[in-house]
Amino acid sequence: MSVTERSNDGTIVVSPKNEADQSALVVISHGLGDTAEGFADVAEMLSKEMPYVKFILPTAPTQKVTMNMGMAMPSWYDIVGLDERSNENCKGIEESRQKLVDILDKEHETTGLAYNRMVLAGFSQGGALSLYTGLQMKEKLGAIVLMSGYLPAASKLAITPGVEDVPIMHCHGTQDMLVQAAMAEKSKMVAEAKGATDYTYKTYSIAHTVSMDEIADVREFLKSKLPPDDSCRITLKDPSQMSVKELKAVIRKAGLSQKAVGFMEKSEFVQLVSNYRDGKL
């Protein structure tokens, strides 16, 4: 069973109700003009078959987009145009790339989760950012998934040595008039020319959107790259070392608030969280 949490900064997290069950992470980045809400239902659907995975869905900063007549909207970077030359002008992409890296690094540092149990995924501009970021990580990820995406700022891309064989799944619609299939195919060609060795490109008879068949294929791909593995479970902070605020947050997420009614001492909260994590409740 999973729990969906929403933060004031627009981030949505879908994670195992019992944090101790987590053994993998998937970060899903939305497309231009959208927010994390756009893929919340997809994350919740995937979590039903992959209950050990934590899904983090960040929301892009709001900024002016040249291609859309300078209108301000959630965007991972500025888009001047979708032709090959314009695609090199991606102001803000390095900041967004760092945001994704920070999410992955924080997960590793706070839980001990290995990078090969993490996946960057995204739709359209979010898929482009995932590919651009994933290929330049210092540590090799479990996989990269892009739906209706492309390779942005290709001339700047420098694949990190040792990351060349990270599995990439690129899903694209043959009827996509926004990010045309030719651009997607060129992205694959350029990525491979720069060293990518495990790039799978699959097409669907759809426009600039996702389909249930595509989501099903992504699900199976994720399950193959992030199979259940209890030996990879995260290392949680010892309840005795947590603040009362942190303990209450765990209790609230687990739906145990009623059991904590009347608690006065920190030791009581510690015992409740410990019992829950140990499966004694």
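Two strands count as paired if DSSP finds at least two bridges between them. Keep that in your pocket for the exercises below, which all use a predicted model.

**Exercise 1. Work out how strand 3 and strand 4 pair, and which residue is the bridge partner of V26.**

Step 1: find the two strands. Strand 3 covers residues 24-29 and strand 4 covers residues 53-57.

Step 2: check the bridges. There are four between these strands, and the cut-off is at least two.

Step 3: get the sense. The pairing is parallel.

Step 4: pick out the partner. V26 has F55 of strand 4 as its bridge partner.

**Exercise 2. Lay out the whole open sheet and say which strands stand at its edges.**

Step 1: read off the order. Eight strands run 1-2-4-3-7-8-9-10, and the pairing is mixed.

Step 2: look at the edges. Strand 1 (2-6) and strand 10 (199-204) each have a single partner strand, so one side of each has no neighbour in the sheet.

Step 3: add the twist. From one strand to the next, it averages 15 degrees.

Step 4: see what lies on the sheet. Helix 5 (residues 212-225) packs there, touching strand 3, strand 7 (118-123), strand 8 (143-147), strand 9 (168-173) and strand 10. The direction of helix 5 makes about 175 degrees with that of strand 8.

**Exercise 3. Describe the hairpin formed by strand 1 and strand 2.**

Step 1: start with the pairing. Strand 1 and strand 2 go together in the antiparallel sense, over five bridges.

Step 2: take one pair. V3 sits opposite S15 in strand 2.

Step 3: turn the corner. Five residues lie between the two strands, and G10 in the turn has a positive phi of about 95 degrees.

**Exercise 4. Describe the two largest pockets and what lines them.**

Step 1: begin with the largest pocket. Its volume is about 1100 Å³, and 30 residues line it. Nearest its centre are E5, E19, K54, K106 and E107.

Step 2: trace the lining of the largest pocket to its elements. Strand 1, strand 2 (12-16), strand 4, helix 2 (93-111) and helix 6 (244-253) each give two or more residues.

Step 3: sort that lining by class. You get nine nonpolar, seven polar and 14 charged residues.

Step 4: move to the second largest pocket. It has a volume of about 190 Å³. Its lining includes L82, D83, E84, L151 and V190, and the classes come out as six nonpolar, two polar and four charged.

**Exercise 5. Search the whole structure for cavities of 30 Å³ or more and describe their linings.**

Step 1: count them. The search turns up two.

Step 2: take the largest cavity. It has a volume of about 40 Å³, and its lining is V26, I28, V42, L46, A121, M147, I215, V218 and L222. Here's V26 again, the residue bridged to F55.

Step 3: ask where that lining comes from. Strand 3, helix 1 (40-49) and helix 5 each supply at least two residues, with helix 5 giving the largest share, three residues.

Step 4: check the classes. The lining of the largest cavity has nine nonpolar residues, no polar ones and no charged ones.

Step 5: turn to the second largest cavity. It holds about 30 Å³ of space. Among the residues lining it are Y77, D78, S86, C90 and Y150, and by class the lining has five nonpolar, four polar and one charged residues.

**Exercise 6. Decide whether H30 is buried or exposed, and find what it touches.**

Step 1: locate H30. It's in the loop between strand 3 and helix 1.

Step 2: apply the cut-off. Buried means under 20% relative accessible area; H30 has 2% relative accessibility, so it counts as buried.

Step 3: look across the sequence. H30 and F123 are 93 residues apart in sequence, yet 5.4 Å apart in space, C-alpha to C-alpha.

Step 4: list some contacts. Leaving out residues up to four places away in sequence, H30 touches, among others, P58, W76, F123, Q125 and G126.

Step 5: follow Q125 and G126. Both are among the buried residues of helix 3, where 10 of 10 residues are buried. The buried residues of helix 3 pack against strand 3, helix 2, strand 7, strand 8, strand 9 and strand 10.

Conventions:
Residues are numbered from 1 along each chain as its sequence is written. This is a predicted model: local features need pLDDT of at least 70, side-chain atom pairs count only at pLDDT 80 or more; totals for chains, interfaces and linings use all residues. Side-chain values use heavy atoms; hydrogens and water are left out. Axes are lines fitted to C-alpha atoms, for helices over the stretch in contact, and angles run from 0 to 180 degrees between N-to-C directions. Contact means heavy atoms within 4.5 Å. On a 1 Å grid over the protein atoms alone, a cavity is a set of points where a 1.4 Å probe fits but cannot get out, and a pocket is an open set with protein on both sides within 12 Å along at least five of seven lines; lining residues have an atom within 4 Å of a point. Grid points are joined across faces, edges and corners, and a volume is the space filled by probe spheres set on the points. Ala, Val, Leu, Ile, Met, Phe, Trp, Tyr, Cys and Pro count as nonpolar, Asp, Glu, Lys and Arg as charged, and the others, Gly among them, as polar. Buried means under 20% relative accessible area, exposed over 50%, partly exposed in between (1.4 Å probe, protein chains only).
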